[in-house]
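Visitor: I am new to this structure. Please take me on a close look at a single part, the place where the two protein chains meet, and then go on to what lies around it.

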Number of protein chains: 2
Amino acid sequence: MLLSILRGGKRRFRELSREAEISPRILSKELQELEMNGLVSRTVCDTKPVTVEYALTPYSETLSDVLNAMNKWGQQHRKRILKES
Amino acid sequence: MLLSILRGGKRRFRELSREAEISPRILSKELQELEMNGLVSRTVCDTKPVTVEYALTPYSETLSDVLNAMNKWGQQHRKRILKES
DNA sequence: CAGGATCCTACCGGATACTG
DNA sequence: CAGTATCCGGTAGGATCCTG
């Protein structure tokens, strides 16, 4: 989810929390993991109240096939589910 | 994991349990879910001690792009990890 | 062999409060 | 705002026993 969202561009911590509907606590963990795996970059901006931006790394592009395939399938599968009921 | 294994052909309950290293309890749940989602078929064979075969359904083929992409990435990523350390 | 029923524990994630 | 620390209930999953 986070990767998919970030494919739309940089996001700040709070934005990710809202968009992904993930609590700060968990989001923090997830982002640390993604960072450790070299998939996401963390940048601290020295603004009045500090803000932090997360973005995809070049390496994360190696996942594009996976992400694209998953998104595509998700859409199709959802349609199928709706038609069933 | 289960889907990837089943791509190699039908498997019996016990085989899946061993290959995927999933306990019977959980495997049972997982397979029921996969069946409910129309991704896996369950066939009871009337052998001496009953055996049950699980196989991919035609619909599961819609996931091939996803599975292929994931497997491919997994291999690449693993290599990368090894080189790092 | 396939797989359900139970019991029990470890961990997961939510809610809340707090700091820089 | 970003993020950590704490407390705490729900649950996923292991281990074990049992049946068809």
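**Two chains, a pocket and a DNA strand**

Guide: Start with the two protein copies. A rotation of 180° with 0.0 Å of shift along its axis lays chain B on chain A, with an RMSD of 0.1 Å. The two copies are therefore related as by a two-fold rotation axis. Keep in mind that this is a predicted model.

Now find the axis. In chain B, the C-alpha nearest to it belongs to Val66(B), at 2.9 Å. Both copies use the same surface: 100% of the contact residues of chain B recur in chain A.

Val66(B) also leads to the next feature, the largest pocket. Val66(B) is among the lining residues that lie nearest the centre of this pocket. The others are Val66(A), Met70(A), Leu67(B) and Met70(B). In total, 28 residues line the pocket. Its volume is about 830 Å³.

Which elements build the lining? Helices from both chains each supply at least two residues. Chain A gives helix H1 (2-6) and helix H4 (64-84). Chain B gives helix H1 (2-6), helix H3 (24-36) and helix H4 (64-84). The largest share comes from H4(A), with nine residues. By type, the lining divides into 17 nonpolar, eight polar and three charged residues.

Next, turn to DNA strand D. There are 14 residues around this strand. Phe13(A), Arg14(A), Ser28(A), Arg42(A) and Arg25(B) come nearest. Of the atoms of DNA strand D that come within 4 Å of the protein, sugar and phosphate account for 61%.

Look at some phosphate oxygens of DNA strand D. One is 2.8 Å from an N or O atom in the side chain of Ser23(B). For Gln32(A), an N or O atom of the side chain is 3.1 Å from a phosphate oxygen. Phe13(A) takes part through its backbone: a polar backbone atom there is 3.2 Å from a phosphate oxygen.

Several elements give two or more residues to the surface near DNA strand D. From chain A these are helix H2 (13-20), helix H3 (24-36) and strand E3 (51-56). From chain B, H3 does so. The residues of this surface divide into five nonpolar, four polar and five charged.

One element links two parts of the tour. H3 of chain B supplies residues to the lining of the largest pocket, and H3 of chain B also gives residues to the surface near DNA strand D.

Terms used:
Residues are numbered from 1 along each chain as its sequence is written. Chains are lettered from A and ligands numbered from 1 in the order in which they are written. This is a predicted model: local features need pLDDT of at least 70, side-chain atom pairs count only at pLDDT 80 or more; totals for chains, interfaces and linings use all residues. Side-chain values use heavy atoms; hydrogens and water are left out. On a 1 Å grid over the protein atoms alone, a cavity is a set of points where a 1.4 Å probe fits but cannot get out, and a pocket is an open set with protein on both sides within 12 Å along at least five of seven lines; lining residues have an atom within 4 Å of a point. Grid points are joined across faces, edges and corners, and a volume is the space filled by probe spheres set on the points. Helices (H or I, at least four residues) and strands (E, at least two) are DSSP runs, numbered from the N terminus. Ala, Val, Leu, Ile, Met, Phe, Trp, Tyr, Cys and Pro count as nonpolar, Asp, Glu, Lys and Arg as charged, and the others, Gly among them, as polar. A residue is near a molecule or strand if one of its heavy atoms lies within 4 Å of it. A polar contact is a pair of N or O atoms within 3.5 Å; within protein, one must be able to donate a hydrogen and the other to accept it, and residues adjacent in sequence count only if both atoms are side-chain atoms. Copies are superposed by least squares on the C-alpha atoms of residues with pLDDT of at least 70 in both. Contact means heavy atoms within 4.5 Å.
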